[in-house]
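Colleague: I'm new to this one. Could you show it to me and explain how you choose your words for it?

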Amino acid sequence: MNTYTGGCQCGAVRFRARGTPHHASICHCRMCQKAFGAYYAPLVSVRKMEFEWTRGRRKTFRSSNFVNRGFCGDCGTPLTYEAPDGMAVAAGAFDDPSAFPPSMQWGVEAKIGFVDHLHELPGAPSEDDLEADSFLHQIVSYQHPDHDTPVWPSEDHA
Ligand SMILES: [Zn+2]
Ligand SMILES: [Zn+2]
């Protein structure tokens with residue numbers, strides 16, 4: 001059985017999903033835009049998987065009479081969309097988001113027009129940002145690593 005782990009940016013909340021992902025999609029609806037602070041929300045349905053919170057607990061915001069949105073109360077990372085017909089997890093919160101290629105777009109009535117043209121934008125690696133160059137080389141990440149850890153934060157940056 002496949003096991004997928006993930007969590008929030010700070011590591012206070014971690015989760016594990018086992019089995020076969022039911023469905024991965026992106027949602028353009030205005031609620032998902034707002035909840036993710038993004039142009040659209042990438043979501044992996046875990047309704048047919050064994051899912052458990054392995055560290056900490058998410059906080060939830062009741063965004064409608066039917067839906068709760070889960071997030072980390074410490075760092076704010078969006079984590080879940082929880083509806084009566086099941087739960088979906090924010091794809092980017094998984095340790096390997098590339099494991100869940102989306103197969104559907106929902107809420108297209110609210111799609112922001114330029115979203116269909118993002119791949120046409122010029123691209124550059126982080127190191128090419130010369131104005132940020134002075135601090136990029138001294139940066140120390142406090143982001144939880146993309147795997148489970150016995151102790152977090154680790155002692156070396158407590
Ligand atoms: Zn967090
Ligand atoms: Zn939505």
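Modeller: Sure, let's start with patches: they are made of residues with over 30% relative accessible area and no salt bridge, where like charges are joined within 9 Å and nonpolar side chains (Val, Leu, Ile, Met, Phe, Trp, Tyr) within 5 Å. Glu127, Asp128, Asp129 and Glu131 form a negative surface patch here. Bear in mind that this is a predicted model: local features need pLDDT of at least 70, side-chain atom pairs count only at pLDDT 80 or more, and totals for chains, interfaces and linings use all residues. Residues are numbered from 1 along each chain as its sequence is written, chains are lettered from A and ligands numbered from 1 in the order in which they are written, and side-chain values use heavy atoms, leaving out hydrogens and water.

Colleague: What makes that patch negative?

Modeller: Asp and Glu count as negative, Lys and Arg as positive, while His and the chain ends are not counted. The patch consists of Glu127, Asp128, Asp129 and Glu131, so it gets the negative label.

Colleague: Why is Glu131 called exposed?

Modeller: Exposed means over 50% relative accessible area, buried under 20%, and partly exposed in between (1.4 Å probe, protein chains only). Glu131 has 78%, so it is exposed. You'll find Glu131 in the loop between strand S10 (104–106) and helix H2 (133–136); helices (H or I, at least four residues) and strands (E, at least two) are DSSP runs, numbered from the N terminus. The protein has two helices and 10 strands.

Colleague: How do you know that Asp95 and Arg14 form a salt bridge?

Modeller: The term needs a side-chain nitrogen of Lys or Arg within 4 Å of a carboxyl oxygen of Asp or Glu. For Asp95 and Arg14 the closest N and O atoms are 2.8 Å apart, so the pair qualifies. This pair links distant parts of the chain, 81 residues apart: Asp95 sits in the loop between strand S9 (86–90) and S10, and Arg14 in strand S2 (residues 14–18).

Colleague: Are those two buried or exposed?

Modeller: Asp95 has a relative accessible area of 12%, so it is buried. Arg14 is at 2%, so it is buried too.

Colleague: And what makes Asp116 and Lys111 a salt bridge?

Modeller: Their side chains meet at 3.0 Å, N to O, so they pass the cut-off as well. Asp116 is partly exposed at 42%, and Lys111 is partly exposed at 23%. Elsewhere, salt bridges that share partners join Arg14, Asp95 and Asp148 into one network.

Terms used. Areas by Shrake-Rupley, 256 points an atom, 1.4 Å probe, with all protein chains shown as cover. Charge placed at Lys NZ, Arg CZ, Asp CG, Glu CD.
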